[in-house]
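Got your viewer open? Load the model shown here, keep a selection box handy, and follow along stop by stop.

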Amino acid sequence: MDEKKTARLGGRTWAALLIFGLFGQIAWVIENMYFNVFLYNTISGDTAMIAAMVGWSAATATVTTLVMGALSDALGRRKAFIVAGYLLWGVSIAVFALVRVDGAAAAYASSAYGAAVLVVVLDCVMTFFGSTANDAAFNAWVTDVTCEGNRGRTETVLSVMPLIAMLVVFGALDGLTQSGNWPLFFLIVGAVTSLGGLLGLFFLREPETLQRAEGNYFANILYGLRPAVVKANPMLYLSLCALGVYCMSQQVYMPYLIIYIQRFLGITDYTFLLAGVLIVSSAVSVALGRAVDRRGKLRSLRLALPAGVAGLVLMYFARGQWFVLGAGVVMLGGGMLISACCNGLIRDYTPAGMAGRFQGIRILFQVLIPMVTGPYLGVLAIRSTGMTYEDLGVVKEVPTPGIFLMAAAILLLLWAVVALMARRTRGEGAR
């Protein structure tokens with residue numbers, strides 16, 4: 001079968017990519033951004049509590065993906081994990097509609113801290129189902145059904161899914177959160193996520209080449225952490241490091257982004273602003289997908305990196321809506337290309353037939369390490385200014401522009417990783 005033919009993805013495969021890519025990212029938007037806002041606005045204004053929730057969720061995601069990714073390899077099945085996972089993922093989100101802050105606080109020694117702990121626990125439950133369905137099974141399925149010739153296009157499309165998801169949530173549902181109608185908000189998002197599982201029954205097919213993994217299941221859970229495996233796959237782990245640096249940079253500001261727009265910039269009606277940023281940056285990223293396949297992922301990564309850093313620096317200075325819009329397009333557009341290139345390289349260098357067992361390693365670099373470091377670095381940048389305000393007797397910290405400079409400084413570390421990758425690929429052709 002020639003390369004051009006293998007590089008084509010059928011309509012049913014694209015439909016599954018778009019359905020699970022979008023619906024899953026809608027759920028992750030809630031987990032990554034709106035749970036933070038829910039906690040901040042209704043329970044605790046302590047940004048360290050937000051960082052703690054992000055960290056526990058990241059740990060849950062990593063362990064879940066290691067265990068369930070290896071299990072999907074062992075059983076030679078992806079579809080059942082994806083369909084059942086999305087159905088239960090939606091239910092776990094809808095459960096948040098039952099949370100009554102006053103009642104929860106009373107049950108836990110009448111303390112806001114107790115209510116915050118309840119939210120963190122429920123967040124970890126939701127993360128278990130989400131990581132099983134999306135991080136472990138769906139991402140392994142994507143690796144199974146794609147090849148080097150189409151991963152640039154595939155990854156640029158998947159990289160814009162988080163932004164399209166944010167656009168959908170901001171445009172259709174953000175009004176519910178601003179009016180305090182959190183129960184209806186969680187019920188709607190939960191229903192949409194479960195709908196993805198139902199659609200999977202019709203659109204999703206098991207990869208033709210997928211075979212049951214050999215070897216001991218429990219040994220395969222930690223397969224990617226073996227020194228011998230790392231030594232045998234240096235470019236895979238350098239690609240994972242590159243993704244880890246980018247995600248750490250992103251996690252410095254992302255958990256606080258909506259709060260920053262509301263409280264520091266004073267923009268309460270931010271739907272138009274965010275819509276403009278998301279639409280333009282997504283369009284740019286998708287348009288460049290074929291160029292990534294044509295030029296090579298590593299070369300494209302070297303071009304996208306300066307744009308990502310420049311966007312973060314511009315965000316530090318941006319104040320007015322138009323300035324913020326332009327800076328946001330550069331920041332997110334560059335970031336999506338960086339993410340697409342890194343993820344494409346990871347899929348290229350993943351050993352054949354082992355996609356499931358390597359998803360946990362990917363989450364270790366993409367989620368755990370960034371989410372237990374980035375948000376706390378963001379807290380350092382926020383607290384260095386000491387900006388606060390009082391809301392109903394509660395003193396709350398205000399995120400400040402320093403989070404973007406901190407993020408830019410971390411993203412600059414990616415140059416070192418890219419240089420190592422370029423040195424290893426020199427003479428054999430960059431991917």
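**Stop 1: the largest cavity.** Start inside, where the largest cavity has a volume of about 870 Å³. A cavity here is a set of points, on a 1 Å grid over the protein atoms alone, where a 1.4 Å probe fits but cannot get out, and lining residues have an atom within 4 Å of a point. Grid points are joined across faces, edges and corners, and the volume is the space filled by probe spheres set on the points.

Before you click on, a note on what you are looking at: this is a predicted model, in which local features need pLDDT of at least 70 and side-chain atom pairs count only at pLDDT 80 or more, while totals for chains, interfaces and linings use all residues. Residues are numbered from 1 along each chain as its sequence is written, and side-chain values use heavy atoms, with hydrogens and water left out.

Now select Gln25, Asn32, Pro162, Gln250 and Gln366: of the 42 residues that line the largest cavity, these are the closest to its centre. Then colour the elements that give two or more residues to that lining: helix 2, helix 3 (47-75), helix 6, helix 7, helix 11 (234-253), helix 16 and helix 17 (355-383). Helices are DSSP runs (H or I, at least four residues), and strands (E, at least two) are too, numbered from the N terminus. Colour by class and the lining of the largest cavity gives 23 nonpolar, 14 polar and five charged residues. The classes work like this: Ala, Val, Leu, Ile, Met, Phe, Trp, Tyr, Cys and Pro count as nonpolar, Asp, Glu, Lys and Arg as charged, and the others, Gly among them, as polar.

**Stop 2: the second largest cavity.** How many cavities of 30 Å³ or more are there by this rule? The count comes to five. The second largest cavity has a volume of about 140 Å³. Pick out Leu257, Leu274, Val277, Met331 and Leu332, which are the closest to its centre of the 13 lining residues. Helix 12, helix 13 and helix 16 each give two or more residues to this lining. Its residues divide into twelve nonpolar, one polar and no charged.

**Stop 3: helix 13 against helix 16.** Stay with two of those helices. Helix 13 and helix 16 pack at an angle of about 35°, with their axes 8 Å apart; axes are lines fitted to C-alpha atoms, for helices over the stretch in contact, and angles run from 0 to 180 degrees between N-to-C directions. The crossing is right-handed (the near helix is turned clockwise from the far one by less than a right angle; anticlockwise would be left-handed). For the contact (heavy atoms within 4.5 Å), select residues including Phe272, Leu273 and Gly276 of helix 13 with Gln321, Trp322 and Val324 of helix 16. By class, the contact of helix 13 with helix 16 has twelve nonpolar, seven polar and no charged residues.

**Stop 4: helix 13 against helix 7.** Keep helix 13 (residues 271-287) and add helix 7 (residues 151-178): their axes come within 9 Å and cross at roughly 165°. That makes helix 7 roughly antiparallel to helix 13, a label for angles over 145 degrees (under 35 is roughly parallel, 65 to 115 roughly perpendicular and the rest oblique). This crossing of helix 7 and helix 13 is left-handed. Residues that meet here include Thr156, Ser159 and Val160 in helix 7, and Thr271, Leu274 and Ala275 in helix 13. The contact of helix 7 with helix 13 divides into eleven nonpolar, seven polar and no charged residues.

**Stop 5: the pockets.** Switch to a surface. The largest pocket holds about 850 Å³ of space; a pocket is an open set with protein on both sides within 12 Å along at least five of seven lines. Select Asp144, Val145, Thr146, Glu208 and Thr209, the closest to its centre of the 35 lining residues. Helix 6 gives the most to this lining, with four residues. By class, the lining of the largest pocket has 14 nonpolar, ten polar and eleven charged residues.

The second largest pocket has a volume of about 150 Å³. Its lining includes Tyr34, Asp174, Trp182 and Arg263.
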